Amino acid sequence: MSGSGLAQVQSISCRPQHMSNRIDQSGISEFYLPERKRQRNRLRDLTSKLSHLRTIVLPGAFSRMLRQVQPYSMMGYARLKGIHNGVQSVFARSIDGDLVECGTARGGCAALMRLTAKRCRDDRTLWVYDTFEGLPRPTDDNPDCELALTREKTCLGEFDEVEALFKSLDVLDGRHMIKGLFQDTLPETTPDRIALLHLDGDWYESTHVCLDHLYDKVSTGGVIQIDDYGHWAGARKALHEFFGERGIEADLKYLDCSGRQFVKP
Ligand SMILES: C[S@@+](CC[C@H](N)C(=O)[O-])C[C@H]1O[C@@H](n2cnc3c(N)ncnc32)[C@H](O)[C@@H]1O
């Protein structure tokens, strides 16, 4: 399919049911799945909705944290649960490194990372990167640039608001908040080692620059979650392109219609 045809299809939100969970070196050619697999993905989303209901009916530690952070996050249950499980998993497997989020907005997910770590009695540093001025202007490297342009400056979370959230949840310690464009800040300030990397910058160039600067710092066995794989064609393109450039094969775990997670091979 031509690039423009693909852009039209992928600019419709929540098209990821069409997409393979298996990384393919050629990327785009594997995006379309047979109806049978699409149905399987719909069933997966239903499973996560049922888990969410169970969390509400039978509250536990995670549901308490969820209640605290969800008003400050654009992420749904499955992706927040993915982050929670990811932090627990790197802790349980003693994976070396810090926790990093690129694209923080109002800070809900970042706060969940710290709350989960705290509950594990794990004092890893949290690094959060954002303009804290909303989404930058997308470039035409994004296949769905026309739609993306309508979102410029949205998803705004302010630096002080995120600090205030961390303070109210008693997770101010051990965090670095780096304000500015990833393109400017990542070449200057990054952790030495990363155990969990959350990529939530929506656009092609935002995702690509994070992979360029941070992927090699993620420990083998570390967890990488990408929030916009299903929602934004640019984020998906950046991931596939990066894997293609590096010859990396990884199994993407389906979280929900947009989120994917994988363990660094
Ligand atoms: C969808 S929001 C993040 C949502 C957040 N993780 C949550 O829990 O709600 C995307 C964020 O990425 C940031 N962002 C995108 N591209 C960026 C870039 N190139 N440099 C810095 N921040 C960027 C935007 O400012 C925005 O706050």
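**Helix α10.** I began with burial in α10 of this predicted model. Ala233, Gly234, Ala235, Arg236, Lys237, Ala238, Leu239, His240 and Phe243 are buried there. Next I checked the helix length. α10 covers residues 233-246, and its 14 residues should span 20 Å at 1.5 Å a residue. I found its end C-alpha atoms 20 Å apart, which agrees. Then I looked just past the helix. Glycine 247 follows α10, and its phi is positive, near 65°.

**Core.** I turned to the nonpolar residues. The largest nonpolar core has 56 residues. Ala235 of α10 is among those with the most contacts inside this core, as are Leu99, Ala111, Leu112, Met113, Leu196 and Leu197. I asked which helix gives the core its largest share. Helix α5 (residues 108-119) does, with 7 residues. I also listed the contacts of leucine 197, leaving aside neighbours within four places in sequence. They are Val100, Leu214, Val218, Gly222 and Ile224.

**Sheet.** I traced the strand order next. The open sheet has 7 strands, in the order β3-β2-β1-β4-β5-β7-β6, and its pairing is mixed. β3 (175-179) and β6 (253-254) stand at the edges. Each has a single partner strand, so one side of each lacks a neighbour in the sheet. I looked at how β6 meets β7 (residues 260-263): the two run antiparallel and are joined by 2 bridges. Tyrosine 254 has arginine 260 of β7 as its bridge partner.

**Helix on sheet.** Last, I went back to α5. This helix packs on the sheet and touches β1 (98-102), β2 (126-130), β3 and β4 (194-199). The direction of α5 makes about 170° with that of β1.

Conventions: Residues are numbered from 1 along each chain as its sequence is written. This is a predicted model: local features need pLDDT of at least 70, side-chain atom pairs count only at pLDDT 80 or more; totals for chains, interfaces and linings use all residues. Helices (H or I, at least four residues) and strands (E, at least two) are DSSP runs, numbered from the N terminus. The expected span of a helix is 1.5 Å times one less than its number of residues. A residue is buried if 20 or more other C-beta atoms lie within 10 Å of its own, exposed if 12 or fewer, and partly exposed in between; C-beta atoms are placed from the backbone. A nonpolar core is a set of buried Ala, Val, Leu, Ile, Met, Phe, Trp, Tyr and Cys residues joined through C-beta atoms within 7 Å. Two residues are in contact if their C-beta atoms, placed from the backbone, lie within 7 Å. Two strands pair if DSSP finds at least two bridges between them. Axes are lines fitted to C-alpha atoms, for helices over the stretch in contact, and angles run from 0 to 180 degrees between N-to-C directions.
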